[in-house]
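I opened the notebook to log a few lookups on this chain. I begin with one residue and work outward from there.

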Amino acid sequence: MMTLLYTSDLERGRIWREIFADEAADVGFADPADAPDPATIRYLAAWNPSVELIATLPALEILFSIGAGIDQFDMSRLPPHVRVVRMIEPGIAQGMVEYVTMAVLALHRNLIDHGIAQRKERWVPIKLTPASQRRIGVMGLGNLGQAVLGALRPFGFPLSGWSRSAHAVEGVDCFAGAAALPTFLSGCDILICLLPLTDETRGILCRETLAQLPRGAGLINVGRGGHLVEQDLLSLLDDGHLSGAVLDVFDPEPLPQGHAFWAHPRIIMTPHVASMTRADSAARALIANIRRHQSGAPMEGEVARDRGY
């Protein structure tokens, strides 16, 4: 029997074990406590498995990330034949859509300014800007980026998107590549980062790029903390070029006590909760990918290891 080795949250593992038993009984489900035969383990589901663990799995074919990201893996230390697949399941997309919609509306309706006024006990109405005049831009046009754009479309915001490679998304002005980035940024009143974290995108949210946003723009980072140069954001908020930021991801996590973000009046922070994998739908998504692999079909979420996404 082929086996999936699971090395993550125990409660989620209990749910996965039950679903595998009911819906994929031909695939053995094991965690390290089961002491499975390494020669049967073809699949590994993990967040950040050790190199030492992988070295003990001679039959390993696929490493499944239990989350949407794969930047936690050091690709250079994985055996070259091992395929890497990130998690794509409905719970991740739904959670991200909800969070980003909330964040966009918070910035669009000036909740940061209203919160500052409230703490000062000041009654300060702010003139509304119609959605049709608030331009929203998304960096990253993968599954999550496109889901977010689809959810924002009914509000009437002008929508644009940027990615490293060309995409076409209905109702969205799409830009691609480094040469198009300045034009894209100059048309974003609210910028949303949903990029994968790679060597090329690390630090992309820096003074050079953020300063190209219109004065008064807002930032939402739901990608990875490594995308953001923190001091550059603080400087641009303090000099008024940016009006506010909603941040869900940080480097490191948890954010250390005493960090400037905690008390900054123009930053809304959440502890990496924008989207979370649902145990039941994630297990079924992984089973579906195992079936694709068994039949020779392409797997959803397989990563091009040389590109990192």
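**Entry 1: Ala131**

I looked up Ala131 and found it in the loop between α4 (111-119) and β6. The model is predicted, so I treat every value here as computed.

Is Ala131 buried or exposed? I get a relative accessible area of 17% for Ala131. The cut-off for buried is under 20%, so the residue falls on the buried side. Ala131 therefore counts as buried.

Next I asked which residues Ala131 touches, leaving out those up to four places away in sequence. The list is His108, Phe155, Gly156, Phe157 and Pro158. I also checked the C-alpha distance from Ala131 to His108 and got 7.8 Å. Those two residues are 23 residues apart along the chain.

**Entry 2: the chain as a whole**

I counted elements next. The chain has 10 helices and 12 strands. Its radius of gyration is 21 Å, and the globule rule gives 19 Å for 309 residues. The two values are close, so the chain is as compact as a globular protein of that length.

I took the box along the principal axes. The C-alpha atoms fill roughly 65 × 40 × 35 Å. Of the 309 residues, 49% count as buried. I then turned to contacts with a separation of 6 or more. Residues 24 or more positions apart account for 64% of them.

**Entry 3: the open sheet**

What is the strand order in the seven-stranded sheet? I read it as β8-β7-β6-β9-β10-β11-β12, an open sheet with parallel pairing. The edges are β8 (173-176) and β12 (267-269). Each has a single partner strand, so one side of each is left without a neighbour in the sheet. I also noted the twist: neighbouring strands are turned by 15 degrees against each other on average, direction ignored.

I picked out one pair for a closer look. Strand β10 (residues 217-221) pairs with strand β11 (residues 242-247) in the parallel sense, over five bridges. Within that pair, Leu219 stands opposite Ala245 in β11.

Two helices on the sheet went into the log. Helix α8 (residues 230-238) packs on the sheet and touches β10, β11 and β12. The direction of α8 makes about 140 degrees with that of β11. Helix α3 (residues 90-108) lies across β6 (136-139), β9 (190-193), β10 and β11. I get about 160 degrees between α3 and β10.

**Entry 4: salt bridges**

I ran the salt-bridge search and it returned 14. I started with helix α1 (residues 10-23), which holds both Glu11 and Arg14. They sit three residues apart, about one turn of the helix. Their side chains meet in a salt bridge, 2.6 Å from N to O. Glu11 is partly exposed at 43% relative accessibility. Arg14 is partly exposed too, at 40%. I then checked for a wider link and found that Glu11, Arg14 and Glu18 form a network of salt bridges.

Arg17 was my next target. Arg17 forms a salt bridge with Asp34, with the closest N and O atoms 2.9 Å apart. This pair links distant parts of the chain, 17 residues apart. Arg17 is in helix α1, and Asp34 is in the loop between β2 (27-30) and β3 (41-46). I have Arg17 as partly exposed at 32%. Asp34 is partly exposed at 39%.

How far apart in sequence are the parts that Arg291 and Asp26 tie together? Arg291 lies in helix α10 (residues 279-295) and Asp26 in the loop between α1 and β2, so the parts are 265 residues apart. The closest N and O atoms of this salt bridge are 2.7 Å apart. Both partners are partly exposed: Arg291 has a relative accessible area of 29%, and Asp26 is at 40%.

**Entry 5: aromatic pairs**

I searched the whole structure for ring pairs and found seven. I logged Phe20 and Phe29, a tilted pair. The centres are 5.4 Å apart and the planes make 50 degrees. Phe20 is buried at 2% relative accessibility. Phe29 is buried as well, at 12%.

Last, I followed the ring pairs outward. They link Tyr6, Trp16, Phe20 and Phe29 into a cluster.

Conventions:
Residues numbered from 1 in each chain as written. Predicted model: local features only at pLDDT ≥ 70, side-chain atom pairs only at ≥ 80, totals over all residues. Heavy atoms only, no water. Pairing = 2+ DSSP bridges. Helix = DSSP H or I, 4+ residues; strand = E, 2+ residues; numbered from the N terminus. Axes fitted to C-alpha atoms, helices over the stretch in contact; angles between N-to-C directions. Contact = heavy atoms within 4.5 Å. Salt bridge = Lys/Arg side-chain N within 4 Å of Asp/Glu carboxyl O. Buried < 20%, exposed > 50% of the residue type's maximum accessible area, 1.4 Å probe, protein only. Phe/Tyr/Trp six-rings, centres within 6.5 Å; stacked < 30°, edge-to-face > 60°. Rg over C-alpha atoms; globule rule 2.2 N^0.38 Å.
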